[in-house]
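Q: Hey, can you walk me through this one? I'm new to it, so plain words please.

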Amino acid sequence: MNDRPLVGGIEAGGTKIVCAAGTGPGDLSRAVFPSGSDPDAVLSAVTDWFREEETRRGPLHAIGIGSFGPVDLDPASPTYGFITSTPKTGWRNTDILGTVRRAFPALPVAFDTDVNAAALGEQRWGAAAGLDDFVYITIGTGIGAGVMAGGRLVHGLVHPEMGHIRIPRIPGDAFEGVCPFHGDCWEGLCSGPAMKARTGTPAEEISPDSSAWRFETRYVALALANIVCALSPRRIILGGSVPNGGLLGIERFFGMVRAEVRDVLDGYIVSPALEEGLDGYIVPPSLGADAGVCGALALALDEVEK
Ligand code: ZN
């Protein structure tokens, strides 16, 4: 007999919406819907799927949503729970939280960024277990970061947009970057589309000998060093498709990033975590690609506990 509450999780991404119903990573059923350009249609399919799961498994106790953004996380705002200024066609000004609430009016529904949800999932079941101060970063189509500080997910004024921090250019690198807002911000230099724009080749097919990997790992290290200096996290989890390293391999990618972080910090911050402990300080997510949807389940479980 499983007495843990049954909850629902929604990981809303720019290309797909992943839904799960269950009690945790070892016990979940899931469905995946292409995000498309018609939010009403896909969210209707999502809520229908949860109703079917309730018929199959029993009543849900809460639903958690981790969404791509930018999103409005201010409960006092008239557009709380909206995806706001996204460039994704059709999804601008989408009331994702309200749509789910109207479909399940009796249920508590939690809402946060996709990366904050992933951070929470990794804390509950993964690479950040037992930690109250850490950062979860994803490098893929874009770059985003979820921050936990003092045991709380950081929202602040809007929410952190760490993918758009500025980092110093490597001398001799003429690549202009791909961010439509900033050109050569971190996302503009290091996202999957940036790697493709730099080389003409998708990141996963770039030769291990290409200078693109040296630029990538150096720029990632410069950004991580900034994060270490700004937030003093106890661990950094680096997820998404790019850190898998493609033909370079995940071990070499992480090895190069760690060596570059050591070089950039240059011994200034004194902690064993940044010296002999570096292999355990900058790590891949334990939940892998499931971090986001498991995090959405964790948001829902927190809602039940309230
Ligand atoms: Zn940018």
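A: Sure, one term to start: buried means under 20% relative accessible area, exposed means over 50%, and partly exposed is in between (1.4 Å probe, protein chains only). By that rule arginine 258 is buried, at 12% relative accessibility.

Q: Okay, and what kind of model is this?
A: This is a predicted model, where local features need pLDDT of at least 70 and side-chain atom pairs count only at pLDDT 80 or more, while totals for chains, interfaces and linings use all residues. Residues are numbered from 1 along each chain as its sequence is written, and side-chain values use heavy atoms, with hydrogens and water left out.

Q: Back to arginine 258, which residue does it form a salt bridge with?
A: Aspartate 279, with the closest N and O atoms 3.8 Å apart. A salt bridge here is a side-chain nitrogen of Lys or Arg within 4 Å of a carboxyl oxygen of Asp or Glu. Arginine 258 sits in helix H7 (250–265) and aspartate 279 in the loop between H7 and strand S12 (282–283), so the pair ties together parts that are 21 residues apart in sequence. Helices (H or I, at least four residues) and strands (E, at least two) are DSSP runs, numbered from the N terminus.

Q: Is aspartate 279 buried or exposed?
A: Exposed, with a relative accessible area of 57%.

Q: How many salt bridges does the count come to?
A: 16 salt bridges. One of them joins aspartate 302 to arginine 124, with N and O atoms 2.4 Å apart at the closest. Aspartate 302 is in helix H8 (residues 291–305) and arginine 124 in helix H3 (residues 114–125), so this pair ties together parts that are 178 residues apart in sequence.

Q: Which residues are linked in a network of salt bridges?
A: Arg166, Arg169, Asp173, Asp184 and Arg198.

Q: New topic: what are the protein donors of the zinc ion?
A: They're His164 (ND1), Cys179 (SG), His182 (ND1) and Cys185 (SG), at 2.1 to 2.4 Å from the zinc ion. Donors are N, O and S atoms within 2.8 Å of the metal (3.2 Å for Na, K and Ca); water is not among the atoms, so sites may look incomplete.

Q: And what spacing do those donors follow along the chain?
A: H-x14-C-x2-H-x2-C. Histidine 164 and histidine 182 both lie in the loop between strand S10 (152–153) and helix H4 (186–190), so the pair ties together parts that are 18 residues apart in sequence.

Q: How exposed are those histidines?
A: Histidine 164 is partly exposed at 22%, and histidine 182 is partly exposed too, at 31%.
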